[in-house]
Amino acid sequence: MGDGPGSGRRLTRRSLLGGAAVAGGGLALAGGGYALGTGDDATQAGAGSAGAGTGSVPFHGVHQPGILTAQQDRLHFAAFDLTSDRPEDLRDLLRTWTAMAARLQAGLTADADAGSGLAPPTDTGEAAGLLASRLTLTIGLGPGLFEDADGHDRLGLAARRPRALRPLPALPGDELRADISGGDLCVQACADDPQVAFHAVRNLARAARGIAVMRWSQLGFGRTSSTSRAQETPRNLMGFKDGTNNLTAEDPQAELDGSIWHDPSDRRAPWMAGGSYLVSRRIRMLIEVWDRASLDDQEATIGRVKLSGAPLGAHRERDALPLDRRGSDGKPVIPVDAHVRLAAPEVNEGIRILRRGYSFTDGFDAELGQLDAGLFFLAYMRDPHRQFVPLQERLGSTDALNEYIKHVSSGIFAIPPGVPDIPGRFLGDGLFIG
Ligand code: HEM
């Protein structure tokens with residue numbers, strides 16, 4: 001599997017600094033037709049490359065990395081518009097991105113060939129000397145690849161569109177900006193070093209020139225959920241522990257299959273077996289309004305104790321939500337409009353999603369005199385129309401949190417399966433077969 005803790009593979013960009021000799025790694029890369037550690041590839045065992053937060057996450061596997069991988073601390077997310085209507089251009093781009101992603105996750109330069117002094121360098125260079133930093137690159141396909149805004153099958157791929165990849169409907173409370181929503185392709189770069197994530201997105205964007213252009217992007221500076229029980233629950237910008245009741249890599253396989261991975265009964269898209277679907281939402285927090293709310297109001301809004309993260313009416317963070325318990329005043333201890341009550345599987349026909357969001361700030365909104373900050377919500381699931389949509393319909397209309405947040409951007413992407421470690425294979429290749 002591509003997901004999993006850092007493997008500590010000892011191949012880094014560090015050696016570039018010293019012009020070190022080549023190590024015969026012999027790791028064949030899908031689609032790239034070359035092997036790490038050969039040719040001009042200046043790599044060697046890098047000193048200290050395997051430390052926590054610095055090692056490498058395996059690229060190849062059944063699922064793409066960056067979904068169940070223990071969540072890294074930094075995010076650079078980018079959405080792209082495809083500027084070509086030739087399916088072979090999309091195919092070539094995915095092949096190139098696959099080869100680059102495998103190299104970058106291993107802590108290598110973007111291209112095995114360093115190029116010559118007569119041309120711009122093949123790698124932009126800002127990650128030279130930096131370790132792999134648990135970089136994961138997760139690549140997605142937007143609905144516009146299968147049908148454009150006018151309903152045209154622009155690439156001849158409409159018959160293979162997965163059932164779950166339809167544009168999201170308008171949802172209650174949406175205040176979406178078109179310029180920072182949607183996209184034909186997405187790249188989610190997560191790492192424990194922000195410069196490593198930036199470098200990866202920049203080099204993938206560069207390789208897309210002439211085929212795709214960046215439409216919008218989002219940086220995230222701190223995770224707002226955990227995807228492994230081994231991780232401590234982080235806090236979001238409202239100061240609450242976030243991610244307590246999330247799916248994690250350790251959950252039973254049947255639960256993960258039913259909640260995250262593509263439904264094999266979708267006959268139009270067998271190429272998505274082992275894949276997933278991603279919903280992105282940039283959720284602005286009205287931080288100044290929140291900061292004026294009393295502690296009691298804040299806790300009633302979320303339904304948990306701010307400091308400990310315990311559900312209201314319970315003691316410890318991981319205690320079950322006492323949804324039926326009433327206080328001495330006869331009212332539910334977790335208010336009827338509290339966020340956790342309305343989002344809980346108990347009141348949503350068992351719906352669960354894998355949250356993988358990040359805190360962001362894009363500076364100060366001088367017009368409103370407010371911080372432009374919040375939560376960049378990312379969530380993986382089997383079918384956004386059966387999971388995210390009903391959840392957000394409920395939350396968007398009755399969640400007490402709505403007083404303090406605004407959904408300003410939205411995206412939906414199919415996340416193809418992982419790439420097997422077989423020469424010639426690349427991300428989404430099944431889409432082009434037959
Ligand atoms: C800025 C917006 C949001 C904030 C600040 C926020 C915050 C939180 C917090 C503090 C928790 C409790 C801890 C936990 O179990 O993780 C939570 C739980 C949860 N949230 Fe959100 N959330 C936001 C948006 C959303 C959205 C848009 C969705 C889905 C449509 C969502 C789905 C969930 C779910 C499923 C849970 C777990 C509920 C349970 O089973 O106990 N959240 N959220």
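## Around the ligand

Helix α8 gives the most to the shell around the ligand, supplying 4 residues. Keep in mind that you're looking at a predicted model. Helix α8 has company, too: β6 (276-285), α7 (339-343), β9 and β10 (405-415) are also elements that each supply at least two residues of this shell. In total, 28 residues surround the ligand. The closest are Gly243, Thr244, Asn245, His339 and Arg355. And where does the ligand sit? The space taken by the ligand is the largest pocket.

Let's zoom in on some atoms. Gly243 has a backbone N or O atom 2.6 Å from an oxygen atom of the ligand. Thr244 also uses a backbone N or O atom, this one lying 3.0 Å from an oxygen atom of the ligand. With His339 you should look at the side chain instead: an N or O atom there is 2.9 Å from a nitrogen atom of the ligand.

## Rings that pair up

Now for the aromatic residues. Searching the whole structure turns up 10 aromatic pairs. Phe377 and Phe388 form a tilted aromatic pair, with 5.8 Å from centre to centre and 45 degrees between the planes. This pair links distant parts of the chain: Phe377 belongs to strand β9, Phe388 to helix α8 (residues 388-398), and the two are 11 residues apart. Are these two residues buried or exposed? Both Phe377 and Phe388 are buried.

There's also a group to find: Phe77, Trp216, Phe376 and Phe413 form one aromatic cluster.

## Gln370, in strand β9

Strand β9 covers residues 370-381, and Gln370 lies in it. Why does Gln370 count as buried? Its relative accessible area is 18%, and buried means under 20%, so Gln370 falls in that class.

Which residues does Gln370 touch? Leaving out residues up to four places away in sequence, Gln370 touches Arg284, Leu286, Glu288, Phe364 and Asp365.

## Two loop residues

Pro58 is found in the loop between α1 (14-18) and β1 (74-82). Its relative accessible area is 21%. Partly exposed residues run from 20% to 50%, so Pro58 counts as partly exposed. Try locating Ala102 as well: Pro58 and Ala102 are 44 residues apart along the chain, and their C-alpha atoms are separated by 8.2 Å.

Val347 sits in another loop, between α7 and β7 (354-355). Val347 is partly exposed as well, because its relative accessibility is 30%. Not counting residues up to four places away in sequence, Val347 touches Arg341, Leu342 and Arg394. You can also check Val347 against Leu323: they're 24 residues apart in sequence, with 9.4 Å between their C-alpha atoms.

## The whole chain

Time to zoom out. How many helices and strands does the protein chain have? Its secondary structure comes to 8 helices and 10 strands. The protein chain has 434 residues, and buried residues make up 54% of them.

What about contacts between residues that sit apart in the sequence? Take the contacts in the protein chain with a separation of 6 or more: residues 24 or more positions apart account for 77% of them.

Key:
Residues numbered from 1 in each chain as written. Predicted model: local features only at pLDDT ≥ 70, side-chain atom pairs only at ≥ 80, totals over all residues. Heavy atoms only, no water. Buried < 20%, exposed > 50% of the residue type's maximum accessible area, 1.4 Å probe, protein only. Contact = heavy atoms within 4.5 Å. Phe/Tyr/Trp six-rings, centres within 6.5 Å; stacked < 30°, edge-to-face > 60°. Near = heavy atom within 4 Å. Polar contact = N/O pair within 3.5 Å; in protein donor to acceptor, adjacent residues only side chain to side chain. 1 Å grid on protein atoms, 1.4 Å probe; cavity = no way out; pocket = protein on both sides within 12 Å on 5 of 7 lines; lining within 4 Å. Sits in = over half its atoms within 2 Å of the grid points.
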